[in-house]
Amino acid sequence: MQSQYQPSSIEAQIQAEWEKSGAYRAVENSEKPKYYCLSMFPYPSGKLHMGHVRNYTIGDVLSRFHRMKGFNVLQPMGWDAFGLPAENAAMQRNVLPADWTYQNIDTMRAQLKSLGLAVDWSREIATCRPEYYRWEQWLFTRLFEKGVIYKKTAPVNWDPVDQTVLANEQVIDGRGWRSGALVEKREIPMYFMKITAYAEELLADLDALDWPAQVKTMQRNWIGKSVGVEVHFPMPGGEPLKVFTTRPDTLMGVTYLAVAAEHPLALDAARENPALSAFIEECRRGGVAEADIATQEKKGMFTGRHVEHPLTAKPVPVWVANYVLMGYGEGAVMAVPAHDERDFEFAKQYGLPVRPVIKPVQGELELPLEAAFTEKGILFDSEDFSGRTSEDAFEKIALVLQALGFGGKRIHYRLRDWGISRQRYWGCPIPIVHCTDCGDVSVPAADLPVVLPEKVAFNGAGSPLKKMPEFYETTCPKCGRQAMRETDTMDTFVESSWYFARYASHDCGSGMVDERAHYWLPVDQYIGGIEHAILHLLYARFFNKLMRDVGLLKNDEPFSKLLTQGMVLKDGAKMSKSKGNTVDPQGLIDEYGADTARLFMMFASPPEQSLEWSDAGVEGAFRFLKRLWKMVHEHVEAGVVPAYRAGDLTSELREIRRLVHATLEKVGDDYGRRQTFNTAIAAVMELMNALSRCGDQSPAGRGVMQEALEKIVLMLSPIVPHVCQVLWRELRDGADILQEAWPEGDQAALVQDEIELVIQVNGKLRGAMKVGKEADRESIEAAARAHVEKFIGDQAVRKIIVVPGRLVNIVV
C-alpha cells in the first residue's frame with residue numbers, strides 16, 4: 001500500500017474497473033426491493049457547474065447507500081437537449097445547434113464520469129434523438145385524437161424584424177433582445193394540452209406525496225382552486241358578458257367592467273373608435289406574462305359600451321384595461337373600486353365612481369375612502385342583502401343569480417391549459433399535417449418520427465423549417481393531396497415531462513415504455529432545485545397521469561419522494577459567469593480528486609440549504625481523506641490483526657466499540673431517514689478523533705482498530721467511493737466493497753458498563769466522573785464528594801441531588 005494519498009493515481013483506475021465490470025448496470029429480475037433514484041437531468045450547456053456536482057453527488061450517495069441496504073438500485077443519466085440556448089450558441093459561434101449540442105454532451109459525459117457516479121450509463125438518453133422524441137410525437141397524436149390536445153389562438157410576443165416569437169425573458173424594455181425592434185403582442189394558432197381537466201386530481205394527489213411542504217404549497221397556489229360565482233352581465237342586443245368572482249358579496253359595488261384588449265367586445269367597439277383601436281394596438285405591444293401585467297402601469301379606455309347590472313338592471317360602463325389578460329378566466333373582470341386595491345387605483349386615475357358596500361363587523365367605515373377596504377364584513381347599501389355577513393351574502397347572491405339565469409356558483413382554477421407550440425427550430429417537430437380539405441391531420445404512427453433536420457441554414461431570423469420545402473411539403477395522410485407539415489416545435493418541457501419513464505424502458509423500440517416501467521416506477525427519490533417546483537414538477541405529474549390514462553403506466557404519480565437541494569454560493573451570491581464567482585469543477589477534481597469534491601459538497605451544508613463555497617473547506621476535506629489514508633496505512637503496515645475476544649477488552653476499548661456502533665447507527669439514520677449527510681460526516685470525524693487518542697497496540701487494541709476502520713470505510717463509501725474501494729482492499733485482502741452490505745450495529749456493544757455524570761456544587765459545574773452503570777445512590781454521592789472535595793472545603797453539605805444518568809448537585 002502506498003504511503004501517501006494520491007487521488008490521481010487511484011480514481012481513474014477504479015472508475016475503469018467499474019465500467020469494465022458493469023458494476024452499476026440495473027436489472028429488473030431481482031428479488032430485492034427496487035430503489036429508483038433520479039436527479040434532474042442536465043441541459044448540455046458545455047461544462048458542469050458546482051450545482052451539478054452537488055445535485056448528482058446527493059443522488060449518488062443515496063443510491064450507493066440503498067445498494068448497501070439490499071435494494072436493487074437504478075440511477076440513470078441523460079440530457080435535456082432541446083432548447084433556446086443551442087439556437088443562441090449557433091448564432092454566437094457560427095455552429096449548428098445539433099453539432100454544438102452533441103459536442104457538449106460528449107464533454108459533460110466525461111466530466112460526470114470523472115465524479116465517480118454509480119450510474120447505469122447503458123440507459124443514457126438524449127431528448128434530441130429521434131428514437132426518443134418519436135414516442136412523444138406518438139403520444140401527441142393519441143391525445144390529439146382524444147381531444148386532450150387542441151388548437152386555438154393565443155397571444156405571444158412577436159418580433160416583427162426577426163419574424164419570430166420571443167420568450168418573455170427575451171423582451172427587454174419592450175424590445176426584442178436581438179433586433180431591438182418594438183415587440184408586438186399577436187394572436188397566433190397554437191396547440192394546447194388540457195391540463196385543466198386534471199386540475200382537481202393534481203391538487204388532491206399532492207396530499208399523499210412525501211415532498212417538501214413548500215413545494216406542495218407552491219403547486220397548490222399555482223393550480224389555484226377557488227370557489228366563487230360566475231356572474232352574467234346582460235348586454236342589450238348581444239350575448240351577456242361573463243365574469244368570475246370570489247367576492248359576490250361586493251356585487252352591488254360594481255361601478256365598471258374591464259375587459260382584455262383582445263376581448264371580442266373590445267375589438268367590436270374599436271371598429272368605430274380609432275382612439276380605442278390605437279389603444280388596443282398599444283396593449284398588444286405589452287407583455288403577455290402575468291408578472292409583466294402585475295408590474296406595468298395600469299392603463300385603460302372606455303369602449304363606449306354598457307352592460308346591465310344583473311340585479312339592478314342599471315347600466316355599467318365597459319372599459320378596456322391593460323391589466324386584464326384574455327387567456328385568464330373570461331377575459332373580463334367586474335371592478336369594485338371600494339373593495340379591491342387595483343380597481344381603486346384605476347378608478348381614481350380615470351375618475352370612476354367608488355361605491356362602498358362592505359363595512360367592518362365592528363365599527364364603521366370611514367368615508368370617503370382613502371384606500372380600498374378589502375376585508376370581509378357586513379353589507380350595506382346593497383338592497384335586500386344589506387345587513388348580511390359577507391359569507392351569508394355569498395350564498396344568497398349565488399342562489400338569486402342562478403334563479404334569474406344570470407350565473408351561479410362555480411369552481412375556478414388559476415391553472416390554464418398548457419400551450420406547447422413554439423415557433424422555434426431546435427425542438428421536437430409537432431406531428432401534424434395541414435390539409436386544405438381535411439384540416440389538421442395527425443401523422444400516422446407508421447410514419448413517425450417526423451425527424452428534425454439537423455443540417456440547416458440557421459441565422460436566428462425565424463425558424464429555418466419554414467424555409468425548407470423539403471421539410472414542410474408533404475401529402476395529407478387522409479386524402480393524399482398536397483399538404484403542409486406543421487413547422488412549430490414542442491415546448492421543451494414536454495421532453496422533460498416523461499424522461500423518467502423512458503429510462504425504465506430505454507431501448508424499447510415498440511412503444512413509449514414497456515413492462516419494465518411497471519417494475520421501476522414510480523421514482524422512489526427525485527432530486528433537483530426548488531426553482532423547478534411548479535412548471536417541471538407539475539408537468540411531469542400531468543404527463544404521468546396522461547400516460548396512465550392511455551394504458552402505458554399504472555402509477556398515479558411519478559415521484560414518491562422529493563429532495564430540493566439548495567444553491568451553491570460564493571461570496572454570498574449564486575455562482576454565475578456574469579458575477580465572475582464561478583469555480584470550475586474539473587479544475588477541482590484535477591487538483592484534489594473527485595472524492596474531495598464530493599466530501600466537501602456533502603459536508604459544507606445540509607442538502608436542502610444553500611452551500612457557501614470555501615477554498616479552506618476544500619482543503620479541509622482533502623486533509624481529512626489524507627488522514628484516513630494514513631490511519632489505514634499505518635494499521636495495515638503493522639501486520640496481520642489477530643481476532644479478539646470480548647472478555648479481553650479494557651474499558652477504553654469497550655468505549656471505542658460502543659462509539660463505533662453508535663456512530664454506525666447514527667450515520668445509517670442520517671443517510672436514510674434524515675438525509676443529512678453533513679452530520680453523518682461529522683459523526684465519523686468524531687469517531688476518528690477518538691481512535692487517534694487510543695494508543696492501545698495490544699492484540700485486542702489492534703483488533704478493535706481493525707473493526708473501527710472497516711466500519712469507517714463502509715460508512716464513508718457512499719460519499720467517497722474511490723478511496724474507500726482501495727482502503728477496503730487493503731483492510732480485507734483484496735475484497736470488493738461493492739459486494740458489502742451496510743453493517744448492522746452490535747447492540748451488545750452499545751450497552752454501557754459505565755456512565756458519565758456531571759458534578760455541580762451549588763449549581764455550578766465543577767467536574768465530571770464515571771461510575772458503574774449499576775452504582776447505587778450512596779456510592780454515587782460518596783464518589784461525587786470525593787471528586788470535588790477542594791470546592792467544598794470545610795463547608796457543611798446541606799443536601800445532595802442525584803439526577804440518574806445525568807448529574808450530581810452538591811448543595812453546601
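Tyr5 and Trp629 are both buried, where buried means under 20% relative accessible area with a 1.4 Å probe and protein chains only. I should say at once that this is a predicted model, in which local features need pLDDT of at least 70 and side-chain atom pairs count only at pLDDT 80 or more, while totals for chains, interfaces and linings use all residues. Residues are numbered from 1 along each chain as its sequence is written, and side-chain values use heavy atoms, with hydrogens and water left out.

A search of the whole structure gives 37 aromatic pairs, a pair being two rings of Phe, Tyr or Trp (for Trp, the six-membered ring) with centres within 6.5 Å, and planes under 30 degrees apart counting as stacked, over 60 as edge-to-face and the rest as tilted. Tyr5 and Trp629 make one tilted pair, at 5.7 Å centre to centre and 40° between the planes. This pair links distant parts of the chain, 624 residues apart, with Tyr5 in the segment before α1 (7–21) and Trp629 in helix α19 (residues 615–637); helices here are DSSP runs of H or I with at least four residues, and strands are runs of E with at least two, numbered from the N terminus. Another tilted pair is Tyr425 with Trp426, at 5.9 Å centre to centre and 45° between the planes, and both of these residues are buried as well. There is also an aromatic cluster formed by Tyr198, Trp418, Phe493, Tyr539, Phe542 and Phe543.

Turning to charges over rings, the criterion is NZ of Lys or CZ of Arg within 6 Å of the ring centre and within 35 degrees of the ring normal. The charged end of Lys113 sits over the ring of Trp121, 5.4 Å from its centre, and that of Lys152 sits over the ring of Phe192, 4.8 Å from its centre.

Now to the strands. How are the four strands of the open sheet ordered? The order is β6-β5-β9-β19, with antiparallel pairing, and two strands pair if DSSP finds at least two bridges between them. Since β6 (164–166) and β19 (418–419) stand at the edges, each has a single partner strand, so one side of each is left without a neighbour in the sheet. Strand β5 (residues 149–159) is joined to β6 by three bridges, and the two run antiparallel; within this pairing, Trp158 has Val165 in β6 as its bridge partner.

Key
Buried < 20%, exposed > 50% of the residue type's maximum accessible area, 1.4 Å probe, protein only.
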